[in-house]
Amino acid sequence: MAVLKVKFTKTKRDKLAQILWILNWVSVVSGIILFSLGLFLKIEIKKRNEVMAKGDINSVPNMLISVGVIACVVNFLGGKICYDCSDDNKFSRWKLIMLPYIICTFCFTFCILLGALMCYTMRNELEESLYLGLRDAIKFYKDTDIPGRCFLKKMVDMLQIGFQCCGNNGFRDWFEVQWVSARYLNMASKEVMDRFKSNVDGKFLVDGVPFSCCNPSSPRPCIQYQLTNNSAHYNYDFLTEELNIWMKGCREALLDYYTAIMRSIGIAALLIWLFEVSLIKMVSVWYIRDFLLSRMGNKYAVTYEEHKKHLNI
């Protein structure tokens, strides 16, 4: 098939090098954005690390931070190469580096894609980590006098208020744990002792929730205790009336929060990846490589057919 013969003179190649220099600096900015997004996600995870079980949940932010740094280094090097292409005294030193540079470029663009995909595949791992972490945090909610756990009560209360949630899966999770410290229970009270004896684990279990589960938007004063006892409250039906506490579990609330963040980061990473692997970028890299090699041989023109041979078309 006949094709149009395109010649790249030295002047045109110098202009191409200038365009590539600009594109590489845009890629450096993209690398900084990836680094910033990864750092932001890492900080957000760190804020609530106490309600997350130990695991590889930091793999995504660590991946984005690493890829962002690599992108800055590789594209800065690419910008330097393009800048030196117009200088006869500097271009020759990049001859042996061009092929490794091209390989590195494609490798780190693949890592960007991998990081973007990880943002969408991390949900199940994050959900399990939140479930185990919140379960333990609720279990130790009452241990305000024990070093290493004394902060959990405040953290869980602030979490439930901030994310408008209650419990792990829901408010009923509080029915299954003793969340009131024995320090604040009157052991001389028959009612208290009866509750301790009412279950095989010997715990003070009540059908109530902490104050942080209360919904301030409810017109009725918050009902924290005896939530399932209709006779304990006036004009109250547990089965039909909408409770004035948060109905959503904190695991679901946190999962939705982090999923939204990772979805946005994933979209940004995909856009950066598309920019990096765009046709203009790939073709330009090949032309710059041909440019350097041709200048080493004092040749200043490459035809479209010769370029196709390089790409094995």
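Me: Let's say buried means under 20% relative accessible area, exposed over 50%, and partly exposed anything in between (1.4 Å probe, protein chains only). Is Asp 143 buried or exposed?

Reply: Asp 143 is buried, with a relative accessible area of 10%. Before we go on: this is a predicted model, where local features need pLDDT of at least 70, side-chain atom pairs count only at pLDDT 80 or more, and totals for chains, interfaces and linings use all residues. Residues are numbered from 1 along each chain as its sequence is written, and side-chain values use heavy atoms, with hydrogens and water left out.

Me: Okay, what does Asp 143 form a salt bridge with?

Reply: Its partner is Lys 142, and the closest N and O atoms are 3.6 Å apart. A salt bridge here is a side-chain nitrogen of Lys or Arg within 4 Å of a carboxyl oxygen of Asp or Glu. Lys 142 is partly exposed, with a relative accessible area of 24%.

Me: And which residues do salt bridges with shared partners join into one network?

Reply: Glu 44, Lys 47 and Arg 48. Within that group, Lys 47 bridges to Glu 44, with the closest N and O atoms 3.0 Å apart. Those two sit three residues apart in helix α1 (residues 10-47), so about one helical turn separates them. Glu 44 is buried, with a relative accessible area of 5%.

Me: How many salt bridges are there by this rule?

Reply: Nine. Another one pairs the side chains of Arg 251 and Glu 127, at 2.7 Å from N to O.

Me: Where in the chain are Arg 251 and Glu 127?

Reply: Arg 251 is in helix α7 (residues 250-276) and Glu 127 in helix α4 (residues 123-139), so to speak a link between distant parts of the chain, 124 residues apart. Arg 251 is buried at 18% relative accessible area, while Glu 127 is partly exposed at 27%.

Me: Changing topic: how many helices and strands does the chain have?

Reply: Nine helices and zero strands. Both are DSSP runs numbered from the N terminus: helices are H or I with at least four residues, strands are E with at least two. Buried residues make up 43% of the 313 residues.

Me: At what angle do the axes of α5 and α7 cross?

Reply: Roughly 65 degrees, and the axes come within 10 Å. Axes are lines fitted to C-alpha atoms, for helices over the stretch in contact, and angles run from 0 to 180 degrees between N-to-C directions.

Me: Which residues meet there?

Reply: From α5, Leu 159, Gln 160 and Phe 163 meet Cys 250, Ala 253, Leu 254 and Tyr 257 of α7. Sorted by type, that contact has six nonpolar residues, one polar and no charged. Nonpolar covers Ala, Val, Leu, Ile, Met, Phe, Trp, Tyr, Cys and Pro, charged covers Asp, Glu, Lys and Arg, and the others, Gly among them, are polar. Contact means heavy atoms within 4.5 Å.

Me: Last one, where is Asn 168?

Reply: Asn 168 lies in the loop between α5 (152-163) and α6 (190-197). This loop residue is buried, with a relative accessible area of 4%.

Me: What does the side chain of Asn 168 reach at 3.0 Å?

Reply: The backbone oxygen of Tyr 131. Leaving aside neighbours within four places in sequence, Asn 168 is in contact with several residues, including Leu 134, Ile 138, Gly 249 and Arg 251. You've met Arg 251 already, in the salt bridge with Glu 127.

Methods
Polar contact = N/O pair within 3.5 Å; in protein donor to acceptor, adjacent residues only side chain to side chain.
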